[in-house]
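The following exercises are meant to be worked with the sequence and the three-dimensional structure in view. Each task is followed by a solution that goes step by step.

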Amino acid sequence: MSKLKIALQKSGRLSEKSVALLEECGLKFPNGGGKLITESSNFPVEILFLRDDDIPQYVEQKVAHIGIIGENVLLESRKDISISEKLNFSGCRLSLAVPKEIDYEGLSYFNGRKIATTYPNILSGYLAENGISATVEVISGSVEIAPGIGLSDGICDIVSSGSTLLSNGLREVDSVLRSQAVMVSNKNLDPEIQLILDRLLFRIRAVRKAKENKYILLNSPNGRLEEIIRILPGMNSPTILPLAKEGWSSLHSVISEEKFWEIIDELKEAGAEGILVVPIEKMIL
Ligand code: PRP
Ligand code: ZN
């Protein structure tokens, strides 16, 4: 039987969350012990653990059918593969940074200077767009030490929490690109492989939807129900159950977490009481 081959980052910012996503989708597979290829026991997939920078090429060549990488890696690779789904995790930015003591006053600082990076394609494009002429020093890792050892004046690298920059005496001065984890796919998948991918994407969307939404329960005086329903942008029409307490009802609905914080005060003002917000594990629409 055919198997969908998925390439994941072996170690790095995306690896743990990529594995967790597949597990939340119900896939069981051995993980650990340094094995670079593994199979799921309950879903037709084979998982390859690779260097993230190599994944676009492997997906283009169909060594793997799909992969999970940062948009930054995809753009830098310039490979002809497609994005099947944005995954909403491992958000970061590709930024320019300089030693913290530098008196930086704008991009023109980089004119005639050297910038070390593992992202030469994206960086060169950005410099050209902004009319800056700088030398791009391409290195393959540990970019943060380049200014300290006299290799460059600044760097262009991924910043997430910012702690790597901080511990290397650097300061972020400009952001080139925002990025997040995406699922990439080969453009010519065989129909039976595409079917497996569609099944997996269905699960991924259910998991993601569930994370973005919460189940809300609240009590409301019957006279206020209409107003409260108007405040709650529900998944569908809310469920309303009578409470033992005369003249009161319990209202259940689904709400995006973000919206909840926006409308909590309105709900209280409208007379809602005993508001409970609980996580949803899976959400199939
Ligand atoms: C990036 C970057 C830094 C780190 C920054 O590496 O090169 O090392 O993340 O994160 P922080 O701001 O939270 O400290 P990445 O995970 O992309 O790995 P790779 O470049 O080695 O593939
Ligand atoms: Zn990498």
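## Exercise 1: Salt bridges around one helix

Glu212 and Arg208 both belong to helix H6, where four residues, about one turn of the helix, set them apart; helices (H or I, at least four residues) and strands (E, at least two) are DSSP runs, numbered from the N terminus. The model is predicted: local features need pLDDT of at least 70, side-chain atom pairs count only at pLDDT 80 or more, and totals for chains, interfaces and linings use all residues. Residues are numbered from 1 along each chain as its sequence is written, chains are lettered from A and ligands numbered from 1 in the order in which they are written, and side-chain values use heavy atoms, with hydrogens and water left out.

**Task.** Determine which residues are joined with Glu212 into one network by salt bridges that share partners.

**Solution.**

Step 1. Apply the criterion: a salt bridge is a side-chain nitrogen of Lys or Arg within 4 Å of a carboxyl oxygen of Asp or Glu. Glu212 and Arg208 meet it, with their closest N and O atoms 3.6 Å apart.

Step 2. Classify both residues by relative accessible area (buried under 20%, exposed over 50%, partly exposed in between; 1.4 Å probe, protein chains only). Glu212 is partly exposed because its relative accessibility is 31%. Arg208, at 22%, is partly exposed as well.

Step 3. Assemble the network. Shared partners in salt bridges connect Glu85, Arg205, Arg208 and Glu212.

Step 4. Examine another pair of this network. Arg205 forms a salt bridge with Glu85, and the closest N and O atoms are 2.8 Å apart. This pair links distant parts of the chain, 120 residues apart: Arg205 is in helix H6 and Glu85 is in strand S5. Glu85 has a relative accessible area of 9% and is therefore buried, whereas Arg205, at 38%, is partly exposed.

## Exercise 2: A salt bridge between two loops

**Task.** State where in the chain Lys187 and Asp80 lie.

**Solution.**

Step 1. Establish the pair. Of the 13 salt bridges in the structure, one joins Lys187 to Asp80, with the closest N and O atoms 2.6 Å apart.

Step 2. Place the partners. Lys187 is in the loop between S11 and helix H6 (191–212), and Asp80 is in the loop between H3 and S5, so the pair, 107 residues apart, links distant parts of the chain.

Step 3. Assign the exposure of Lys187. Its relative accessible area is 47%, so Lys187 is partly exposed.

## Exercise 3: Three residues and their surroundings

**Task.** Decide whether Leu200 is buried or exposed, and do likewise for Ser185 and Ile83.

**Solution.**

Step 1. Leu200 lies in helix H6 and is buried because its relative accessible area is 0%. Leaving aside neighbours within four places in sequence, its contacts (heavy atoms within 4.5 Å) include Leu4, Ile6, Leu22, Phe43 and Met183.

Step 2. Ser185 is found in strand S11 (residues 181–185). At 5% relative accessibility, Ser185 is buried. Among the residues that Ser185 touches, not counting those up to four places away in sequence, are Val59, His65, Ser84 and Leu197.

Step 3. Ile83 is part of strand S5 (residues 82–86) and, with a relative accessibility of 39%, is partly exposed. Beyond four places in sequence, Ile83 contacts Leu74, Val182, Met183 and Val184.

## Exercise 4: The interface of domain 1 and domain 2

**Task.** Which three residues of domain 1 lose the most area to domain 2?

**Solution.**

Step 1. Take the bounds, which come from an automatic or database domain assignment: domain 1 (4–88 + 180–210), domain 2 (92–179) and domain 3 (213–279).

Step 2. Describe the contact. Domain 1 contributes nine residues and domain 2 eleven.

Step 3. Consider buried area, the accessible area (1.4 Å probe) that two parts lose on being put together, summed over both. Between domain 1 and domain 2 it is about 880 Å², with 49% from carbon and sulfur atoms. On the side of domain 1, Arg13, Asn72 and Glu76 lose the most, together 61% of what that side buries.

Step 4. Look for charge pairing. Zero salt bridges are found across this interface.
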